[in-house]
Amino acid sequence: MEPAESETVLDLDGDKAQENSRRTISKRLNELNKVVQSLVERVQELEARYDVASIETMVKPFTGDDDYGVKKWLADLECAFILLKLGKEKKLNAARHLLRGTAELFLRTVHVFDFEDLKEDLLKEFGSSVVTCAAHLELKKRTRQPGETIQKYVLEMTELSLKAKVPEELLVDYIIMGLGEDNLDMLYNASTLGELKKLLNRWFLRYKCENIVSEKYGS
């Protein structure tokens, strides 16, 4: 074999070896990419499960079938989102997972692509006047119980009002009516919860403290 031909054969063999090496490396890289992608998907799946499990300990599922109003549920849910620092996609997944009963059935009738869309649809469907009326009736029926502190009573009434968008001034009226006490005229000067709490302190000192002292020590 002539020297030139020998060199040509060697070059061809070298090129073939390099090509085989490149193919081997490319194949291994593809395999590694698949492994990495699989691990990423697994991590994302575990994170999603963790997020949902965490939210379930913080927020009750929403059904639309009981007195847990959609506005209160959404407020609770968004507080949980802030604490867990969830992104848009995770918010939607978590919210969908917490829908039960009629709300879950409703979800199957709409197409939503982010949490804000879902939120808007839920408010349209479940934030009706029927829910609002139910919340108002519950507030009217709720009265301060014997031995219940005024602070506890006011806080529970405030929580009840969150089931629907009850105007603050009307909530103040419900709270006063539910006290079931005499000499309440001064309290009706309040139009906000802050004003009512200040007047309640004055009312308690003026009327209730005197009664407590009289009952304990005699007038």
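This passage describes the overall fold of a predicted model, then the surroundings of one arginine and a nonpolar patch on the surface.

The protein contains nine helices and zero strands. Following the chain from start to end, the order of elements reads α-α-α-α-α-α-α-α-α. Of the 219 residues in the protein, 28% are buried. The accessible surface amounts to about 15100 Å², and carbon and sulfur atoms account for 54% of that area. For a view of how the chain meets itself, it helps to turn to the contacts between residues at least 6 apart in sequence: 48% of these join residues at least 24 apart.

A good place to zoom in is R142, which sits in the loop between α6 (residues 129–141) and α7 (residues 150–161). Is this loop residue buried or exposed? With a relative accessibility of 15%, R142 falls under the 20% cut-off and therefore counts as buried.

Which residues does R142 touch, once those up to four places away in sequence are set aside? The list consists of E148, Y153, E156, M157, L160 and G178. Two of these partners, E148 and E156, also meet the arginine through polar contacts between side chains: the R142–E148 pair is joined at 2.6 Å, and the R142–E156 pair is likewise joined at 2.6 Å. By sequence range, E156 belongs to α7 (150–161), whereas E148 belongs to the loop that also holds R142. Y153, another residue touched by R142, lies eleven residues from R142 along the chain, and the C-alpha atoms of the two are 9.1 Å apart.

The surface offers a second point of interest, this time at the other end of the numbering. Here I25, L29 and L32 together make a nonpolar patch of about 290 Å². One of its members, L32, is part of helix α1, which covers residues 3–56. The numbers of I25 and L29 fall within that range as well.

Terms used:
Residues are numbered from 1 along each chain as its sequence is written. This is a predicted model: local features need pLDDT of at least 70, side-chain atom pairs count only at pLDDT 80 or more; totals for chains, interfaces and linings use all residues. Side-chain values use heavy atoms; hydrogens and water are left out. Patches are made of residues with over 30% relative accessible area and no salt bridge: like charges are joined within 9 Å, nonpolar side chains (Val, Leu, Ile, Met, Phe, Trp, Tyr) within 5 Å. Accessible areas come from the Shrake-Rupley method with a 1.4 Å probe; for residues, only the protein chains shown count as cover. A salt bridge is a side-chain nitrogen of Lys or Arg within 4 Å of a carboxyl oxygen of Asp or Glu. Helices (H or I, at least four residues) and strands (E, at least two) are DSSP runs, numbered from the N terminus. Buried means under 20% relative accessible area, exposed over 50%, partly exposed in between (1.4 Å probe, protein chains only). Contact means heavy atoms within 4.5 Å. A polar contact is a pair of N or O atoms within 3.5 Å; within protein, one must be able to donate a hydrogen and the other to accept it, and residues adjacent in sequence count only if both atoms are side-chain atoms.
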